[in-house]
Amino acid sequence: MTNAPREQGFILRDKHDNARPLMQRDANSLSPSYTRSYGFVMDHGKGSTMWDVDGHEYLDFAAGIAVLSTGHAHPKVIEAITKQAQKYVHIGATDFYCPMQVELAERLQQITPINGADSPSDKRVYFGNSGTEAIEAALKLARYRENRNYIIGFYGSFHGRSYGALSVTASKYVQRANYPYIPGGVEHVPYPGKWGSERAKDDSYDWGDVAQYIEDFVLKRKLPAKEVAAILVEPIQGEGGYVVPRDDFFPNLRSLCDRHGILLIVDEIQSGVGRTGNWWAVENTGVKADIVCTAKGLGSGFPISAIIAHKDVMGQWIPGAHASTFGGNPVACAAALATLDVIEEEGLLAHAAALGNYGIGRLSEFMKSHPSMVRVDGRGLMIGIEFLTADGKPAAKFRDEVVDHAFLHGLVTLACGASTLRICPPLVIRHDEFERGLDIIERVISHCEEMYYDVQA
Ligand SMILES: *Cc1c(COP(=O)(O)O)cnc(C)c1O
């Protein structure tokens, strides 16, 4: 292995006759706001494998940012999309009835635990097209209650790019620069990570009982509790670095919310739809939320999002209070229904849990002899590897080298957080494929440690 070759800041495979001109046209036609980190130019995919336009084959440990839950081109999903597209592709469900929406809403009622709901019919569902729209809907629903305007969010959180969602996001400075907050007020507090190593523990993160902190400092000194609409939280932080919270965090948040009539909104946009081995990652915490937001994995790549809430909570909305022209598009609903079917029929919840345990175990063992790695954490097929320099600082460049070298070896991965590599393959990934990907990651980490670790430190 050599140093990763770069061209105009992009890392490229040796053969790139088709990729390069396309990347050039992309640079000349698309917004510069996208953050591409390497020159993968998609041609086609099947299951957990993809091919670029120059014929290289890749194992997919990114799943289009945890979106392709059933992998690329799952025959059942393709069939459902095709069948619905042949009937009709749009109806405008804000004004007309759409059977596909009803079917998907009923499925979500069945599989989504909601605080205070005893049966599926106690819940209601609202559809949007993207993650950020789900968050907007949840925020608007929570703030619909009279005199409850404040939102409490967490440092490291990512909730989307539209103004409301962005106002609660506190993941990267660049996402917020030049965009002022929405009026009404958002208060950020630390997210209590469960660090695997003392070395990763920074004083600013080790906040102990954050729910108690919110009670003692935020609610007693800054925001009147009866004016707080909601606490918006990821069950496992995604973009923030695949951070699993302390075990007592969610139970304490739940009782804090109960004491003050604050709604607990969980952002399951990345962690939901089976990724962590349950339908929803919040189920791992033993706590039920008041509003669940889902998007990424729901449609296997078709744009669709939803929020699920108790009928008494969503029942506050009157006709016209919120809507979306494209939300719950029938083809997207068909894709989502097929996705949920595939997850059930192929036993992907148990599969994700088992593969995740295997992967976390294997990488934790590997970490013992690899000083660049400081934390292997996650649940199911949502696994993060965090890297630190020898003097204990986030090793962002080192992490980027690992991502680049993995790409050169035919493995597509993504970064997250300050210095974490995320592993979020399609839920259908086979054991042998998963193992092959981990082989590459381990080989690349060893190589990068030899090449760069001392230099980085
Ligand atoms: C991706 C993501 C969002 C935003 O979803 P978009 O579809 O990009 O708007 C919100 N929350 C979390 C946790 C996410 O991972």
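**Exercise 1. The ligand site**

Find how far a backbone N or O atom of Thr132 lies from an oxygen atom of the ligand, then describe the rest of the site.

Step 1. A backbone N or O atom of Thr132 lies 2.8 Å from a ligand oxygen atom, in a model that is predicted, where local features need pLDDT of at least 70, side-chain atom pairs count only at pLDDT 80 or more, and totals for chains, interfaces and linings use all residues. Residues are numbered from 1 along each chain as its sequence is written, and side-chain values use heavy atoms, with hydrogens and water left out.

Step 2. Now turn to the side chains. A polar side-chain atom of Gln270 lies 2.8 Å from an oxygen atom of the ligand, and one of Lys296 lies 2.6 Å from a ligand oxygen atom.

Step 3. The protein covers 83% of the 380 Å² of accessible area that the ligand has on its own (Shrake-Rupley method, 1.4 Å probe).

Step 4. Around the ligand (a heavy atom within 4 Å) stand Ser130, Gly131, Thr132, Phe158, His159, Gly160, Glu234, Asp267, Ile269, Gln270 and Lys296. This shell divides into 2 nonpolar, 6 polar and 3 charged residues; Ala, Val, Leu, Ile, Met, Phe, Trp, Tyr, Cys and Pro count as nonpolar, Asp, Glu, Lys and Arg as charged, and the others, Gly among them, as polar.

**Exercise 2. A cavity and a pocket**

Work out which residues line the largest cavity, and what lines the second largest pocket.

Step 1. Start with the terms. On a 1 Å grid over the protein atoms alone, a cavity is a set of points where a 1.4 Å probe fits but cannot get out; a pocket is an open set with protein on both sides within 12 Å along at least five of seven lines, and lining residues have an atom within 4 Å of a point.

Step 2. The count comes to 1 cavity of 30 Å³ or more, and the largest cavity has a volume of about 30 Å³ (the space filled by probe spheres set on the points). Its lining is Ala66, Ser69, Gln270, Gly272, Val273, Arg275, Gly297 and Leu427: 3 nonpolar, 4 polar and 1 charged.

Step 3. The second largest pocket holds about 740 Å³ of space. It is lined by 26 residues, of which Ala93, Thr94, Gln101, Val125 and Tyr126 are the closest to its centre. Helix 4 (99–111), strand 6 (123–128) and helix 10 (311–314) each give two or more residues to this lining (DSSP runs numbered from the N terminus: helices H or I, at least four residues; strands E, at least two). Strand 6 gives the most, with 4 residues.

**Exercise 3. A small sheet**

Trace the open sheet of 4 strands.

Step 1. The strand order is 3-4-5-15, with mixed pairing (at least two DSSP bridges between two strands). Strand 3 (42–46) and strand 15 (411–412) each have a single partner strand, so one side of each is left without a neighbour in the sheet.

Step 2. Strands 3 and 4 pair antiparallel over 4 bridges, and His44 stands opposite Trp51. In their hairpin, with 2 residues between the strands, Gly47 takes a positive phi near 60°.

Step 3. Strand 4 (49–52) and strand 5 (57–60) run antiparallel, joined by 3 bridges. Here Trp51 stands opposite Glu57.

Methods: A polar contact is a pair of N or O atoms within 3.5 Å; within protein, one must be able to donate a hydrogen and the other to accept it, and residues adjacent in sequence count only if both atoms are side-chain atoms.
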